[in-house]
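Hi everyone, thanks for coming. I'd like to walk you through one protein today, so please have a look at the screen.

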Amino acid sequence: MRILFSFVLISCVFTLKAQNWVKVDNEVFKENNNTNGVSFVDIDNDGDQDLFLSNAHTPFGFNTIYRNDGSDQFVKVEAGEVTGLQAITFGHTWADFDNDGLPDLFIANGFSKMGSLLYKNLGNFKFRRIESYNVGNNSVLAFDAAWGDYDNDGWLDLVTIHPARFVGKPINSNSLFKNNGDLTFAEIISTPITGPTAPFTNGTWSDYDLDGDMDLFIGSGPANGTVAPDFLYQNQLKESGKASFNRITNISFATDANDGQTWNWIDHDNDGDLDLFMTNYSGTANPQGTPPGMLNNFYHNKGDTIVRITEGPLVNEMSVSLANMWADFDNDGYVDVIVGNSGTTNKHYRNKGDGTFEYVANSSIEAPGAKNTWGMTNGDYDNDGDIDIYISNKISYINGGANGGTPNFLYRNDLSNGNHWLIVKCTGVKSNKSAIGAIVRVTATLNGKTMTQTRVIGTNNTFLGDNDIRAHFGLANTESISSIQITWPSGQVDEYNNISANQILEAIEGESLK
């Protein structure tokens with residue numbers, strides 16, 4: 001059964017520098033007031049972003065799919081077991097693991113006897129469960145999962161994240177599954193990723209050193225009043241010719257004690273290398289009278305060294321944070337960030353383009369009454385060139401009682417500053433079809449200054465879900481892009497020259513050379 005809902009827009013609009021967030025208020029989203037993770041993803045491959053929500057209701061509840069039908073209209077879709085199985089699901093991740101052109105789904109279950117589940121997308125919102133990802137093991141209890149082609153063989157591999165003491169027993173480590181390319185996977189046992197046990201939370205694949213292989217960053221927030229370094233792994237594929245991992249222990253961001261959650265590598269200053277931002281949960285107990293939470297961490301990559309930034313509102317506002325999402329929300333050529341908080345309002349920080357950030361006060365994304373935001377996702381769901389957001393909230397429990405139940409919210413970004421944009425949708429040929437791991441660089445002259453913006457295609461760069469996988473670039477006042485360079489995981493480098501702004505460019509590996 002499919003039920004068509006038309007969004008009703010109400011006048012909940014706030015403005016800063018022409019940054020207009022319009023809350024799309026509709027009863028359909030009020031059905032889901034206890035959600036773990038959320039993703040913008042083009043499930044049916046029709047060119048627009050649909051929504052998938054992980055269920056947090058207990059003992060009963062279901063995952064949810066909303067199909068995007070354009071013009072602010074969505075359809076709630078029944079998709080067999082994917083939306084019909086009653087279970088608590090935590091993180092999820094979407095990618096085309098079998099290279100057939102449709103994004104597939106992995107759902108992390110922490111308490112169900114059947115454990116985490118892999119579903120092959122058959123098209124038209126039909127799915128088939130794939131048991132062969134976990135041959136020989138009846139149950140993988142996980143909090144999160146992430147797709148990444150760690151050996152660059154053109155097939156996406158999978159890491160599952162196990163939070164010791166926060167899901168069902170037995171207590172395990174993480175799991176790493178190598179994709180064999182025939183709908184089966186081989187579990188890789190002897191790695192530093194799959195050895196230790198800890199309260200692992202969110203995992204992110206990212207080529208942080210831009211050497212052409214995917215590295216892995218796992219937050220491991222104890223969330224019990226203590227702090228410890230997170231678990232970060234450098235891929236040795238380019239260094240040794242063999243895909244293996246070394247835990248990073250000799251750089252400040254790897255030794256700082258955290259209550260770590262979501263790790264994001266982004267080029268905030270457009271200097272060509274990746275900087276780091278990560279969220280912390282509660283940290284150590286705070287003195288009486290101070291806000292709960294812990295400061296978040298921001299590190300500037302200077303090329304030869306990575307240093308922690310300690311000044312500015314982005315790193316000096318105490319909060320209990322889980323998600324952080326980076327995108328150029330005002331299309332000025334510099335990526336901004338939205339931080340999801342529990343117990344306090346969510347926060348939007350605008351990149352000023354000089355290495356500093358300003359807090360966007362009175363933004364509607366602060367959602368009065370939101371007490372416990374877990375999931376967030378961003379993407380251009382209406383394909384108008386600016387990035388929209390969806391915020392999901394979860395019931396919190398204080399002194400044994402339920403607190404919250406705030407509805408989820410969709411916010412449409414209605415920019416009025418006239419800034420231009422570009423979206424690049426990458427499709428691999430030799431590389432994995434989803435192009436995860438591809439590095440996209442766009443060079444253009446913005447406000448008289450020539451600069452290059454960098455994006456790394458990836459999944460799970462928000463808490464327990466995915467953002468729109470397409471690479472989005474704000475272009476300020478320019479209507480023409482000098483060049484687009486795409487470095488694919490296979491090593492193929494494609495270049496496009498003299499491209500017009502304000503379009504969605506479909507880049508297929510190798511075709512720019514024809």
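Let me start with a question: in which sense do β28 and strand β29 pair, and over how many bridges? This is a predicted model, by the way, so please keep that in mind as we go. The pairing is antiparallel, with 5 bridges between β28 and β29, the latter spanning residues 388-393. If you want one spot to click on, take Asn378, which stands opposite Ile389 in β29. Strand β28 itself covers residues 373-379, and 7 of its 7 residues are buried.

Now let's step back for the overview. The protein has 39 strands and 4 helices. Of its 514 residues, 61% count as buried. Its accessible surface comes to about 18500 Å², and carbon and sulfur atoms account for 50% of that. As for contacts between residues at least 6 apart in sequence, 56% of them join residues at least 24 apart.

On to the sheets. Four strands make up an open one, in the order β16-β17-β18-β19, with antiparallel pairing. Which strands stand at its edges? They are β16, residues 203-206, and β19, residues 245-247; each has a single partner strand, so one side of each is left without a neighbour in the sheet. From one strand to the next, the twist averages 20°. Zooming in on the β16 side, 4 bridges join β16 to β17, residues 215-218, and the two run antiparallel. Trp205 has Leu216 as its bridge partner in β17. Hold on to Trp205, please; we'll meet that residue again.

There is also an open sheet of 3 strands, ordered β36-β33-β39, and here the pairing is mixed. The edges belong to β36 (471-476) and β39 (503-508), each with a single partner strand, so again one side of each has no neighbour in the sheet. Neighbouring strands are turned by 25° against each other on average, ignoring direction. Strand β33, residues 420-427, runs parallel to β39, and 6 bridges join the two. Within that pair, Leu422 has Gln503 in β39 as its bridge partner.

Next, the packing. The largest nonpolar core has 29 residues, and those touching the most other members are Leu118, Tyr133, Trp147, Val159, Trp205 and Ile218. So there's Trp205 again, the bridge partner of Leu216. Which strands each supply at least two residues of this core? Those are β12 (144-148), β13 (157-161), β14 (175-179), β17 and β18 (231-235). Tyr133 is a nice residue to display: leaving out residues up to four places away in sequence, Tyr133 touches Phe106, Ser116, Leu117, Leu118, Val140, Leu158, Phe177 and Phe185. A second, separate core has 25 residues, including Val440, Ala444, Phe473 and Leu475.

My last stop is a polar residue, Asn36, in strand β4, which covers residues 35-41. Is Asn36 buried or exposed? Its relative accessibility is 0%, so Asn36 counts as buried. A polar atom of the Asn36 side chain lies 3.5 Å from the backbone oxygen of Asn55. Beyond its neighbours within four places in sequence, Asn36 is in contact with a list of residues, among them Ser54, Ile88, Phe90, Ser392 and Leu464. That list also includes Trp374, and with Trp374 we are back in the residue range of β28, where we began.

That's my tour. Thanks for listening, and I'm happy to go back to any view you'd like.

Technical notes
Residues are numbered from 1 along each chain as its sequence is written. This is a predicted model: local features need pLDDT of at least 70, side-chain atom pairs count only at pLDDT 80 or more; totals for chains, interfaces and linings use all residues. Side-chain values use heavy atoms; hydrogens and water are left out. Two strands pair if DSSP finds at least two bridges between them. Axes are lines fitted to C-alpha atoms, for helices over the stretch in contact, and angles run from 0 to 180 degrees between N-to-C directions. Buried means under 20% relative accessible area, exposed over 50%, partly exposed in between (1.4 Å probe, protein chains only). A polar contact is a pair of N or O atoms within 3.5 Å; within protein, one must be able to donate a hydrogen and the other to accept it, and residues adjacent in sequence count only if both atoms are side-chain atoms. Contact means heavy atoms within 4.5 Å. A nonpolar core is a set of buried Ala, Val, Leu, Ile, Met, Phe, Trp, Tyr and Cys residues joined through side-chain atoms within 4.5 Å. Accessible areas come from the Shrake-Rupley method with a 1.4 Å probe; for residues, only the protein chains shown count as cover.
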